[in-house]
Amino acid sequence: MTAAVTTPRGARPKNPFAPRNIMLYGALIIFSIYYLLPLYVMLVTSLKDMAEIRVGNIFSPPVEITFQPWVKAWSEACTGINCDGLSRGFGNSVRILIPSLILSVSVAALTGYVLACWRFRGSEVFFGILLLGAFIPYQVLLYPLVIILREMGLFGSLWGLVLVHTVFAMPINVLLFRNYFVALPEELFKAARVDGAGFWGIFFRIVIPMSLPIFVVSGIIQVTGIWNDFLFGVVYTRPENYPMTVQLNNIVNSVQGVKEYNVNMAATMLTGLVPLAVYFFSGRLFVRGIAAGAVKG
Amino acid sequence: MSSARRVRDGARPPIRLLRNLSSKIAAIPMVLVGLGVFVGGTLWTVLHSFTDSRLLPRLNWVGLDQYERLWSTRRWLVSIENLAVYGIVSLVLTMCLGFFLAALLDRKIRYEDTFRTIFLYPFALSFIVTGLVWQWILNPEFGIQAIIRGLGFQNFNFDPLYNPDLVIIGLLIAGLWQGTGLIMVIMLAGLRGIDEDIWKATRVDGIPIWKTYIIVIIPMMKPVFVTALVLVTSGIVKLYDLVVAMTAGGPGIASEVPAKYVYDTLFTRQNLGQGFAASTMMLVTVAIILIPWAYMQFREKRQ
């Protein structure tokens, strides 16, 4: 079921202007407008100056294109007393993303490998517990994790947040890797063991080289999930370490000062650019990732 | 090579616990996360929901006091009601819209990839970004209301984010925009799994397409619908970021949700016991939804 998203089969419809087709494409286009509208509004608002926003409507394209709002959002917008723009949040998000990505994907891959190829008594029970964890509302675990991180001396630091991301990424990613590794041909492992390869040898020299697609899928899930996270960022880091989403919300929803809608929309677009880029470049793999994760999870 | 084998033979000691040792070492993170965080953390929270912890957790038992207080707090009752309304409407609309879009894409159309990309891209964006964009579009001074008034309908009113009765609609518009693409992809995968011969058979029998969907295809896709259902519901219970970004719970407390109640109680009002009781109620809600589903899955597997 996971890989069933294939291209349509059979002949193309013959008359492109049949009433049925007009209705079909009409519906598709109307829905496309609903889905594309926010992206369009974000873009045009971010390219206008405030005078134009006050007199015009939000759907009209900019009369005079200005990039000032983007510059301001990136390097001057204020959160509280800091006025160095979203660049700080971007830096934090990158510094959170890279270790979280590496740690969560490698832990999940290794665990999936254990569960697929080296089961021991009780391993399936632990796996079941791990999967149940995917359904526990985060709110239940927020405070226990605060205590765990405080005991480890990591509360408020970037590394604490990295650990939290790794923990919550485990259920879905372990499932993904386990299901992929189970499907690899068993003869390969037998041959490798005859040749003297052990646990780590098989993992690094046989399993990993054969599993590039699933690493990409898991990586995509992790990049978008970690970048888009808000709750963990706000709970487990101090203001100077806030990720981009938290800083964005603080900039846009701050109560003091005059609302600069063009700067707000430029900031919003900047924050959305990373996951959008991942989405547009990964295309089918993204679809495959969420379909696999969703259907099985 | 022979030395490697000797090492492997040597790594099989008579004690069972040490057999397969590398694998057990590699499983340590899973055991720690599963038992330490998921099971341990849940038990810890549930246990402390029966105490009067305020600024710091402590084990001073007060029985069900926190729950009584919780269920007599107006903000919590509003949160639960909001979640129920948002949940039911969003569930029904997400499923219908998701299936409808998937069915449209499955009609052997041109530019299928383009349309799918358009319907799915919001899912890549965070709820914060989603909330802020729709907050701007629904802004009464500049957004949709202002534009329709500008067309001559001076009495047109649509300011969901400033009207306590409509604020859930505002959240729904944004939530559906972000989440329907995912359900569409899952439904599309389900539709592609249906045998082409079934379509041929219904065509031969002269059954109209819409009727085929309702009486043949949808019943066949029951497992896909159940999965989508579980997915959407577990997402709804987590509803938090969208509310924070779009309305911050306002106007007043009109758009508060349970997840936000927990966060605010734990971290800004520092009333830990109360926050633990609220989060335990969230856990109970999830369990009520999941246990019948798990039971169903289990029975299907046994048959």
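# Questions on a predicted two-chain model

Colleague: Where in chain B is Y111(B) found?

Modeller: In this predicted model, Y111(B) sits in the loop between α5 (74–105) and α6 (112–120) of chain B. Its phi is positive, about 55°, although Y111(B) is not a glycine.

Colleague: Why is Y111(B) called exposed?

Modeller: The relative accessible area of Y111(B) is 61%. Exposed means over 50%, so Y111(B) qualifies with its 61%.

Colleague: Which other residue of chain B, not a glycine, has a positive phi, and why is that residue called partly exposed?

Modeller: Q270(B), with phi near 50°. Q270(B) belongs to the loop between α14 and α15 (272–302) of chain B. Its relative accessible area is 39%. Partly exposed runs between the 20% and 50% limits, so Q270(B) at 39% is given that term.

Colleague: What makes the peptide bond between G250(B) and P251(B) of note?

Modeller: That bond is cis, with omega about -5°. P251(B) lies in the loop between α13 (241–246) and α14 (258–268) of chain B.

Colleague: What span is expected for helix α12 of chain B, and what span does the model give?

Modeller: α12 covers residues 222–237 and has 16 residues. At 1.5 Å a residue, 22 Å is expected, and the distance from the first C-alpha to the last is 23 Å, close to that value. Buried residues of α12(B) include V224(B), F225(B), V226(B), V230(B) and I236(B).

Colleague: Which spans of chain B does UniProt annotate as "transmembrane region"?

Modeller: The unreviewed UniProt entry lists six spans by residue number: 21–47, 83–105, 117–137, 166–191, 212–237 and 276–295. In the model, residues 21–47 of chain B are 96% helix and 0% strand, with the end C-alpha atoms 35 Å apart. Residues 117–137 of chain B are 71% helix and 0% strand, with the ends 22 Å apart.

Colleague: What does UniProt list for residues 90–282 of chain A?

Modeller: The unreviewed entry gives "domain: ABC transmembrane type-1" there. In the model this span is 80% helix and 0% strand, and its end C-alpha atoms lie 22 Å apart. UniProt's "transmembrane region" spans in chain A include 96–118 and 202–227. Residues 96–118 of chain A are 96% helix with the ends 32 Å apart, and residues 202–227 of chain A are 96% helix with the ends 33 Å apart.

Colleague: How many helices and strands make up chain A?

Modeller: Chain A has 14 helices and zero strands. Of its 297 residues, 53% count as buried. The C-alpha atoms of chain A fill a box of roughly 75 × 65 × 35 Å along the principal axes.

Colleague: Why is S93(A) called buried?

Modeller: S93(A) has a relative accessible area of 4%. Buried means under 20%, so S93(A) at 4% meets the limit. S93(A) is part of helix α4 (residues 87–117) of chain A. Leaving out residues up to four places away in sequence, S93(A) touches W227(A), P243(A) and M244(A).

Colleague: How many aromatic pairs are there, and why is the pair of W200(A) and F204(A) called stacked?

Modeller: There are 40 over all chains. For W200(A) and F204(A), the ring centres are 6.2 Å apart and the planes are at 20°. A pair needs centres within 6.5 Å, and stacked needs planes under 30 degrees apart, so W200(A) and F204(A) are a stacked pair. These residues are four apart in helix α9 (residues 199–210) of chain A, about one helical turn. Residues three or four places apart in an α-helix point the same way because there are 3.6 residues a turn.

Colleague: Which residues form an aromatic cluster with members from chain A and chain B?

Modeller: Y34(A), Y35(A), F115(B), F119(B), Y121(B), W134(B) and W177(B) form one cluster.

Colleague: How do you know that R107(B) lies over the face of W199(B)?

Modeller: R107(B) is 5.1 Å from the ring centre of W199(B). The distance limit is 6 Å, with a further limit on the angle to the ring normal; R107(B) is counted as lying over the face. R150(A) lies over the face of F155(A) in turn, at 5.5 Å from the ring centre.

Colleague: What area is buried between chain B and chain A, and which three residues of chain B supply most of its share?

Modeller: About 8,900 Å² is buried, and carbon and sulfur atoms give 75% of that. M30(B), F38(B) and W136(B) supply 9% of the area that chain B buries against chain A, more than any other three residues. In contact terms, 96 residues of chain B meet 98 residues of chain A.

Terms used. Residues are numbered from 1 along each chain as its sequence is written. Chains are lettered from A and ligands numbered from 1 in the order in which they are written. This is a predicted model: local features need pLDDT of at least 70, side-chain atom pairs count only at pLDDT 80 or more; totals for chains, interfaces and linings use all residues. Side-chain values use heavy atoms; hydrogens and water are left out. Helices (H or I, at least four residues) and strands (E, at least two) are DSSP runs, numbered from the N terminus. The expected span of a helix is 1.5 Å times one less than its number of residues. Buried means under 20% relative accessible area, exposed over 50%, partly exposed in between (1.4 Å probe, protein chains only). UniProt positions are given in the numbering used here, feature names are shortened, and annotations may be inferred rather than shown by experiment. Rings of Phe, Tyr and Trp (its six-membered ring) pair if their centres lie within 6.5 Å; planes under 30 degrees apart count as stacked, over 60 as edge-to-face and the rest as tilted. A charge sits over a ring if NZ of Lys or CZ of Arg is within 6 Å of the ring centre and within 35 degrees of the ring normal. Contact means heavy atoms within 4.5 Å. Buried area is the accessible area (1.4 Å probe) that two parts lose on being put together, summed over both.
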